Amino acid sequence: MSKQTPQLLDATLQLENRIALLTLNRDDVRNALTGTHLIDDILKAIQWVNESDDVSVLVITGAGKAFSAGGNIKEMLERDGEHCDGAFSGNVYEVQDKYRRGIQKIPLAVYNCEVPVIAAINGAAIGAGFDLTCMCDMRIGSTEALLGETFVNLGIIPGDGGAWFLQRLIGYQKAADMTFTGRLVKADEAKTMGLLLDVVNPEELMPSAMKLAKQIAAKPPQATRLTKRLMKAAQRQELADFLDLCAVFQGMCHNTEDHLEAVSAFVEKRPGQYKGQ
């Protein structure tokens with residue numbers, strides 16, 4: 001069922017040709033996730049994507065110079081214990097509760113997003129901002145991209161699940177290097193490490209990301225969503241259980257109009273016209 005795009009406060013959300021584009025729009029604070037409404041905006045956008053039949057792929061990028069600076073360092077510095085309502089203030093129980101009810105909702109939402117997610121990294125992606133890119137299925141970076149798992153530099157740990165995502169993405173040793181040193185990685189090295197699918201000039205970033213998104217959006221929508229679910233399930237299931245799930249999903253696919261249209265389009269050497277219902 002199609003739904004109207006949600007009203008966001010610090011981000012914009014656009015839909016065209018089955019591609020949803022979420023742009024983090026707080027350049028004044030380098031698109032920091034804390035101290036802004038960006039956490040809620042991301043959660044609303046992904047919920048809408050999951051509930052909308054009109055979406056086949058989600059692209060996330062940042063407005064301005066940064067993709068996202070992660071946590072708001074000024075907010076960390078100016079916290080005032082019991083008198084501050086910020087994400088980083090309070091006793092141990094209060095802080096952990098704020099993480100659970102705040103930024104930790106992002107990894108759960110992105111992980112459970114039902115369509116492929118592409119990060120178009122226009123600039124610095126630091127700390128939680130970097131982790132957000134690691135939660136996505138694919139990453140394309142501008143030559144201006146700068147990536148860092150920098151929590152240790154501030155005397156904290158990756159509290160948003162970054163240590164879980166990063167080592168699954170590039171392996172334990174490379175993840176350990178980035179995490180324990182807190183060093184910044186430029187775009188070319190990030191591609192070599194396997195963090196980035198491709199590196200392009202700044203003016204080519206969005207066209208490249210949208211080109212990839214269009215390739216995905218051109219596929220049968222139901223099969224795309226089921227395949228996304230399968231790839232996530234494969235990370236946590238034993239082979240026998242996974243194959244059982246594959247059999248059920250395949251039975252679902254074989255009984256869709258889109259499957260018949262895809263086969264006909266292949267035989268007739270033409271683009272498919274899919275309903276996605």
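**Helices and sheets in a predicted model**

Student: Which helix do the buried residues of α12 pack against?

Tutor: In this predicted model, the buried residues of α12 pack against a helix that covers 221–234. The residues of α12 that are buried are Asp258, Glu261 and Ala265. Seen down the axis of α12, these buried residues fall within an arc of 60°, so they line one face of the helix. The helix that this buried set packs against is α10.

Student: Which residues on the other side of α12 are exposed?

Tutor: A residue counts as exposed when its relative accessible area is over 50%, whereas buried means under 20%. On the side of α12 away from the buried residues, the exposed ones are Leu260, Phe266 and Val267.

Student: How far apart are the end C-alpha atoms of helix α12?

Tutor: Helix α12 has twelve residues, 257–268, and just after it Lys269 takes a positive phi of about 55°. At 1.5 Å a residue, the helix should span 16 Å, and the separation of its end C-alpha atoms agrees with that expectation, because it is 16 Å.

Student: Are α10 and α11 roughly parallel or roughly antiparallel?

Tutor: Helix α11 covers residues 239–254, and α10 packs with it at an angle of about 180°, with their axes 11 Å apart. Angles over 145 degrees count as roughly antiparallel, which means that α10 and α11 are roughly antiparallel.

Student: Which residues of α11 are met by Ala223, Leu226, Arg229, Leu230, Ala233 and Ala234 in α10?

Tutor: Contact here means that heavy atoms lie within 4.5 Å. By that criterion, the α10 residues Ala223, Leu226, Arg229, Leu230, Ala233 and Ala234 meet a set in α11 made up of Phe242, Leu245, Cys246, Phe249, Met252 and Cys253.

Student: Does Lys228 count as buried or exposed?

Tutor: Lys228 lies in helix α10, and not counting residues up to four places away in sequence, it touches Val110, Cys113, Glu114, Val115, Pro116, Val117 and Asp137. The C-alpha atom of Lys228 is separated by 9.3 Å from that of Asn112, although the two residues are 116 apart along the chain. Because the relative accessibility of Lys228 is 6%, this residue counts as buried.

Student: What is the order of the strands in the open sheet of six strands?

Tutor: The pairing in this open sheet is mixed. Its edge strands are β1 (11–16) and β10 (198–200), each of which pairs on one side only. Neighbouring strands are turned by 20° against each other on average, direction ignored. Read across the sheet, the order is β1-β2-β3-β5-β7-β10.

Student: Which residue of β2 stands opposite Gln14?

Tutor: Strand β1 pairs in the antiparallel sense, over six bridges, with β2, which covers residues 19–24. The two form a hairpin with two residues between them, and Asn17 in the turn has a positive phi of about 55°. Along this pairing Thr12 stands opposite Thr23 in β2, while the residue of β2 opposite Gln14 is Leu21.

Student: How many of the five residues of strand β7 are buried?

Tutor: Strand β7 covers residues 138–142 and is largely enclosed by the rest of the structure. It pairs in the parallel sense with β5 (residues 117–121) over four bridges, and in the parallel sense with β10 over three bridges. Of the five residues in β7, the number that are buried is four.

Student: Which residue is the bridge partner of Gly141 in β10?

Tutor: Gly141 belongs to β7, where it stands opposite Ile121. In β10, the bridge partner of this same Gly141 is Val199.

Student: What angle does the direction of helix α5 make with that of β6?

Tutor: A second open sheet, of four strands, has the order β4-β6-β8-β9 with mixed pairing, and its edge strands are β4 (66–68) and β9 (184–186). Within this sheet, β6 (residues 124–126) and β8 (residues 146–148) run parallel and are joined by three bridges, and Ala124 has Leu146 as its bridge partner in β8. Helix α5 (residues 128–135) packs on the sheet, touching β4, β6 and β8, and the angle between its direction and that of β6 is about 95°.

How values were computed
Residues are numbered from 1 along each chain as its sequence is written. This is a predicted model: local features need pLDDT of at least 70, side-chain atom pairs count only at pLDDT 80 or more; totals for chains, interfaces and linings use all residues. Side-chain values use heavy atoms; hydrogens and water are left out. The expected span of a helix is 1.5 Å times one less than its number of residues. Buried means under 20% relative accessible area, exposed over 50%, partly exposed in between (1.4 Å probe, protein chains only). The arc is that of the directions from the helix axis to the C-beta atoms. Two strands pair if DSSP finds at least two bridges between them. Axes are lines fitted to C-alpha atoms, for helices over the stretch in contact, and angles run from 0 to 180 degrees between N-to-C directions. Angles under 35 degrees count as roughly parallel, over 145 as roughly antiparallel, 65 to 115 as roughly perpendicular and the rest as oblique.
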